[in-house]
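I wanted to look up the salt bridges here and jot down what turned up. Here is the structure I had open.

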6 protein chains.
Amino acid sequence: MEFKLPPEVVDIINGISSMQIRGASKIAEAGIKALSIVAENSKVESPEEVFEELDYVAQKLLATRPTAVSLPNAVRYVMFEAYKAKENGLKAEEIKARAIDACREFLRRIGEASVKIGEIGARRINDGDTIMTHCHSTAVLNVIKTAHRMGKNIRVIVTETRPLYQGLMTAEELEKNGIPFTLIIDSAARFLMKKVDKVIVGADAVAANGAVVNKIGTSIIALAAYESRALVFVAAETYKFSPETLAGELVKIEERDPEEVTPANVFRRWKYGSVRNPAFDVTPPEYVDLIVTERGIIPPQAAFTIIRDELKDMPYEFQMKYSTYWERSLEV
Amino acid sequence: MEFKLPPEVVDIINGISSMQIRGASKIAEAGIKALSIVAENSKVESPEEVFEELDYVAQKLLATRPTAVSLPNAVRYVMFEAYKAKENGLKAEEIKARAIDACREFLRRIGEASVKIGEIGARRINDGDTIMTHCHSTAVLNVIKTAHRMGKNIRVIVTETRPLYQGLMTAEELEKNGIPFTLIIDSAARFLMKKVDKVIVGADAVAANGAVVNKIGTSIIALAAYESRALVFVAAETYKFSPETLAGELVKIEERDPEEVTPANVFRRWKYGSVRNPAFDVTPPEYVDLIVTERGIIPPQAAFTIIRDELKDMPYEFQMKYSTYWERSLEV
Amino acid sequence: MEFKLPPEVVDIINGISSMQIRGASKIAEAGIKALSIVAENSKVESPEEVFEELDYVAQKLLATRPTAVSLPNAVRYVMFEAYKAKENGLKAEEIKARAIDACREFLRRIGEASVKIGEIGARRINDGDTIMTHCHSTAVLNVIKTAHRMGKNIRVIVTETRPLYQGLMTAEELEKNGIPFTLIIDSAARFLMKKVDKVIVGADAVAANGAVVNKIGTSIIALAAYESRALVFVAAETYKFSPETLAGELVKIEERDPEEVTPANVFRRWKYGSVRNPAFDVTPPEYVDLIVTERGIIPPQAAFTIIRDELKDMPYEFQMKYSTYWERSLEV
Amino acid sequence: MEFKLPPEVVDIINGISSMQIRGASKIAEAGIKALSIVAENSKVESPEEVFEELDYVAQKLLATRPTAVSLPNAVRYVMFEAYKAKENGLKAEEIKARAIDACREFLRRIGEASVKIGEIGARRINDGDTIMTHCHSTAVLNVIKTAHRMGKNIRVIVTETRPLYQGLMTAEELEKNGIPFTLIIDSAARFLMKKVDKVIVGADAVAANGAVVNKIGTSIIALAAYESRALVFVAAETYKFSPETLAGELVKIEERDPEEVTPANVFRRWKYGSVRNPAFDVTPPEYVDLIVTERGIIPPQAAFTIIRDELKDMPYEFQMKYSTYWERSLEV
Amino acid sequence: MEFKLPPEVVDIINGISSMQIRGASKIAEAGIKALSIVAENSKVESPEEVFEELDYVAQKLLATRPTAVSLPNAVRYVMFEAYKAKENGLKAEEIKARAIDACREFLRRIGEASVKIGEIGARRINDGDTIMTHCHSTAVLNVIKTAHRMGKNIRVIVTETRPLYQGLMTAEELEKNGIPFTLIIDSAARFLMKKVDKVIVGADAVAANGAVVNKIGTSIIALAAYESRALVFVAAETYKFSPETLAGELVKIEERDPEEVTPANVFRRWKYGSVRNPAFDVTPPEYVDLIVTERGIIPPQAAFTIIRDELKDMPYEFQMKYSTYWERSLEV
Amino acid sequence: MEFKLPPEVVDIINGISSMQIRGASKIAEAGIKALSIVAENSKVESPEEVFEELDYVAQKLLATRPTAVSLPNAVRYVMFEAYKAKENGLKAEEIKARAIDACREFLRRIGEASVKIGEIGARRINDGDTIMTHCHSTAVLNVIKTAHRMGKNIRVIVTETRPLYQGLMTAEELEKNGIPFTLIIDSAARFLMKKVDKVIVGADAVAANGAVVNKIGTSIIALAAYESRALVFVAAETYKFSPETLAGELVKIEERDPEEVTPANVFRRWKYGSVRNPAFDVTPPEYVDLIVTERGIIPPQAAFTIIRDELKDMPYEFQMKYSTYWERSLEV
């Protein structure tokens, strides 16, 4: 069955699939908003139809970016509330209300998570620590800024983060907060690692075995930290934990525009050469000491437990229905 | 005693110390040329004075760049020939001639070494190999190009090599030679390492324990290769083997202009931040499988033997006199 | 109290203890069948006697093969259903019915598990993967065959698996399914490991710390995979997870007939020599990346959670009563 | 120029190339014998012709088995004596005599080496040691037997060594000498490694970086020894040290008849399967503690020094001329 | 609000803060006793006041030793029972009774835990094992003594445990029980490690990632065990598992009187020197094979699950209130 | 043939064998002195008798302490000079004179070596370094004191070094020299290792593979340094390099009086316990970064080259004759 989607929802779906909407939290928020709008504007009147309409947009959303992790987590959460409402025999309007509530609840969770991570993570920072970070992560900056506000004397080493130099955004935010920092090129990470007490990075996704998908370069920095016995902390909201990505290595890594790396007029005239621009890499759990979530600090091996807790009341088929490339890969 | 130096020699000394003359071979060649000019134009007539005049310019040269390795190696070689000539009772003109010959000999050695390395190294490349390289090294390119000419089907992964993007020079040279390659950002090295059979890099210096000083980023790539069981080959002429740098870690690493990393208008206004731009790093011998020299392939632990062979007839005090920051550090 | 056992049950007990019934699933199925027959034919009429009779055969079964893991898991499951029925005040016939249902349920679980493992595991196989396997495991073959059916282009390296050459059975099954493979001797595993993406093996038992007991040779292949950074997957039904074997190393490893290794006429005349033929070895959890169970993929450290979930409602004494060499070893 | 070879020499050349003559020492002895026969029967009368005739057969020999290591070592040794004789202006007959002497000398060296290795190696065995060995090596057996004769109480674990079961030959020799031993399948090596103090194996070739080429299975056993902190000793005559094989990994590993692994009627009917039967593998120097040579015990990194000593007076072109697949690979 | 504390309670508080009361169990028992006395003697009559009075003493207790772990665990347990009683609307006397019961229950748990650990751990000891232990731990001795009573033939290596030589107490207890042992200095641990099958140590605290805080020296011995592939078992009651110490490294390690190390008259006259005497160190979870608790044997990564189970019904704010340096560090 | 030894020589022999003369340099000096006295007082008149008399005392000396390394090195050096003199047909008195000269030369070498090591090693210390040392070594203190005199700001962590507390001697010497230090118990070494840049220790012997025999505890500290990526430097005079100890592990480690560890009245009454007190342990070369000798800094793998250079002109039988437990072990 086909449903007509409100224009805002269409915009969201296009925005996600065209990568105008970007970043794990932003994508999840947009997806939630789309579901919320549909629930609010729904005209259908039977419980089954309500669920079907929500499911219609949910599937559209899931199809936009098969590699995002926060999106299916958000969609699955809302849809499960709607599903239970329907199964419990609630009426159409009640189901819509429940879905809207679930949307609000998930948005709140997103909003609070990175603040909470800042608080929890900051307690793990020692006075005098030198911290290295890569790319630009709100949760990581919250950890650093909270530690700084607590009066801990810290110093940050920021990698510039080629190709898009997000390290400069991190640098500017540290500058604004009066936190001493040093900017380096990415490949100087090992050179300075002996002075580093902790590496703290964000995550785009955390796999069930504790592997961390994050900005390209994270895994080689984590390897250098492991070599030097510096601790590696990952700041990751639990909605980034991915049931679909159990084995880490199997996450499909997006490759982005080669022009981010080098001008098109350079590489276009190459007959023998090309540019590869993978956006993320996978850090194996052996190189991660702790994951700081909004629910507390966990060893990476406990990612499995976090995911199981989230899914434990959901029937297996239900989980599958709202997963992106997991079950789906079977259908190919 | 003071000597008046010919203007060309003054130019060379200034060129090295101002970094206009750059790169291990170029610096050595320039130093040799300076000694040669002095010997050719020398007006002094006693053997002692000849040696003293040569020594005068030698010390001037050594003072220019205390971190260069090829320079004291070149100077020491020439001065030892002059020294032996003097000790053996040769006349002033004969000493000058010997010094000029030694200059020629060393220049020939520089000229032939990287070609020979290309030949020897190429034999170690297997048909079908994927090779990763970092920065731009003539010796490495000679290995790759020779292997390609031998008909071996190879493919090269080139890191862009921030901050100065020398990887693009390497890319262009591969393009010109019809050798397939892929350009990546430096921090993507680990992401692609599983496909790599061999990492081949050059060296600015090789320490007596086999540690390799090379362009910043080399050591983190070597670490990633070690993790993945890819082989690491270093292409290094023996005049880059440094008696002064026995313990690797103690090599003084040059820090270069922060503007190479980020525009001055960005970092100058920072009150809390700064930029560090180390030019080299040190790869420990555990991460190096083989060093390809013009005298054959050696395990890194044999660097000690190579250096000992070079110096074995030279009195200890003589070695010290023509070393840059070794014995000298005592005088501070 | 003594009970007379039906002849079929006696046959099963003898079959297991004489090793005619072999393999983790077969032994569990046989044990379940024995309990089911006893429940179906039970003549006793008080709830206590029903439980006692079932317990009588349960203990006989547990005494047959103290090193099997699936057997106590199966027996414990059925006995717990009977126990709860009795404790809840059910009547004798109801207890028998519950026991029979529990038998059916466990058999269903055995039947479905390896199919489900095939489905779940196959999703983790990438197109183009080279897979190494050792010995002959239905669950592993299900993973490989399902991946092949999904259109993934894979290639399998099969170790012959001395002394009984079960690798040839695996080879024949791959041949039948049109899956390309290469047969090698066991000790060539490291030689070919660089080409391997994943090692997939079965398990005879999984200890609570994630250590895997499997066919002799598994642990040395896993070690070689670990060295080469190839992933190691273990396909194991959850009824092979052993509460009794928490520390892996302490599992008693069966030694089998030396004639499997070399003809008796060879070794019998040796005065100074003997043959050892251990049937299994223990792969430590550090060398295992993932365990594929019918309930999903878990990191090996989560084996503890799987076991705890299974046992969580069972009183400690009850667990002990139906464990083979755990509590029992105290009585010696 | 073409020379007519004596029938015995033709037989030797055919014997080596058809693998009827096998084993590093046997091949070297046969090659030496061929050169000796040619020198003894040479009819040519000018010094140049003598050398040319010897060179003619030398090149024929080198062409037989490009992967043997002892052969070019033997040939190079003899030819260098002939070469020096010629260069020093000796007469034709004197050159022949020198070549014959060099043949005798090299044969003596082969004959004495494994006895000497037995003596030197035995001193490193402790009373009470458990030793694991793989395959059948005379030098290794000499070490074990000498230690036993010295009254040291030792016990040997022998791997059967698929596919040709040379472990049984080792077992029989230990039996004959009254040395206690245990025979196991190859893949049980890790299972028993915790009880092992030292692994002692032979070598087919030792590369200049200390990598050891030996019977397939050696490297995985060495890996397991390394994991368990058991020492690994390699018993290797210095004529097995290969200048051509500097990088270990680049040694061309012979693949042998698949029928050694499994009967032809099994694998011939396979459409999707095949058998691979590599004869050797390469143990990296990190896994080797000591190499016992007839000149003393060396750490593997000293292989480079041993080779350099052997070659130090030989012009580079000369070395190349009598190397098998080194320089030659350039000509392809 | 202020409450007057009974003199016995004041004594306990002083005893803990002055370190007269020492050791994880003793401190927990004393804290429990203080709470019990207060509950028994409480004169207040409203439910709120009862809770407030208990909370008053609880906070006093928590302030005594911010680095003890068993103390907040004990206090939190009792206070939660009182809290639930109050929240459920029970009367003042009932709340007191509940608190007193909770005290009794926790004391019982302390009393039983180390016996149970002895039983569970002893099953993991093999006949013939050589066990190394450090310091003096009742739980460890229970494991050893139970294994000995079970007839297992074991031998113990005891480190003297500088600076206070608690190893001698362990030695005397082994002597009394007729268990063979060898006393060594602490730094000889690696020398004898090759003979060791298992290292068994106690714990002062177990962090949520499985890191173990124990007597100084434990971590270097565990490192040596890891190097030699000896197993490391930690015997630890679950009330030593610390929610506050999630990241191990961040545990504040007490430094004790330098006179324990060397006489004051020695170090007091030093102008340039001082003595450091850290009481504990942190063993990372990678070096721990198993933790033996009274609830069973767990892999160190499961510490997280044990802690979560303990806390799962407690509101976050409640947890924080009865934690020592966790939340509190924010207030500084 | 028997010779009558001067009373001073008898005293020296007894002094060494009763351990009154102790320490590698002291023992070597005493041995040299004994040879020198014998040469000076020799009454015999034929060259053969002179050599025989010297040999007589040499063998007596070698028999005193079969585990000392400096002693046979000293004896071998002197005897070889006497041997060459005899072989070259010198007269009796000339042989005596040569022996006496050789004695002087070796004493001078001993005297100068540790000063030179101080100079060379100090250059490798960086301003700001934290250095850990174990036990009391003159050569190590020379390195530290020279670096301090050069104006380098360093700080030393000194382990007390049970059982004889030589660390206190080191502490006192640092105090006297105004060098800041911290004294710790031995087992706290890992706790403080993260702050350590370099561990510097002496050596009793260096084996040909670079393994270092030194005071018990050295190897576990080196292991902890290796884990933390702190550098390990060994300060060792070349006369401590042992041809006899090629395989490190095979060095016979002296066990000393248990009363050094614990009072006799404690352990004598033990029926089940005993004390072990090994004096040294063996640090494998993997954990050693550099060895500082009086001839320069070498990687541990170059120990082989150092030994070979020392022995290269000595016939094998001669080497054997003046080695302690090498060849000799064959005779047992």
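My entries on a few salt bridges follow.

Entry one. This is a predicted model, so I treat every value as computed. I started with the tally: over all chains, the count of salt bridges is 122.

Entry two. I went to chain B and found Arg190(B) paired with Glu227(B), with N to O at 2.9 Å. Where do the two residues sit? Arg190(B) belongs to helix α8 (residues 189–193) and Glu227(B) to helix α9 (residues 218–228), so this salt bridge ties together parts that are 37 residues apart in sequence. I also checked burial, and both Arg190(B) and Glu227(B) are buried.

Entry three. Next I turned to chain F, where Glu105(F) and Arg108(F) form a salt bridge, their closest N and O atoms 2.7 Å apart. Both lie in helix α5 (residues 92–123), three residues apart, which is about one turn of the helix. Are they buried or exposed? Arg108(F) is partly exposed at 39% relative accessible area, and Glu105(F) is partly exposed at 30%.

Entry four. Still in chain F, I looked up Asp129(F) and Lys198(F), whose side chains meet in a salt bridge at 2.4 Å, N to O. This one links distant parts of the chain: Asp129(F) is in the loop between α5 and β1 (130–133), Lys198(F) is in strand β4 (residues 198–201), and 69 residues separate them. I noted both Asp129(F) and Lys198(F) as buried.

Entry five. Last, I moved to chain A. Glu105(A), Arg108(A) and Glu112(A) are joined into one network by salt bridges that share partners.

Definitions and conventions
Residues numbered from 1 in each chain as written. Chains lettered and ligands numbered in written order. Predicted model: local features only at pLDDT ≥ 70, side-chain atom pairs only at ≥ 80, totals over all residues. Heavy atoms only, no water. Salt bridge = Lys/Arg side-chain N within 4 Å of Asp/Glu carboxyl O. Helix = DSSP H or I, 4+ residues; strand = E, 2+ residues; numbered from the N terminus. Buried < 20%, exposed > 50% of the residue type's maximum accessible area, 1.4 Å probe, protein only.
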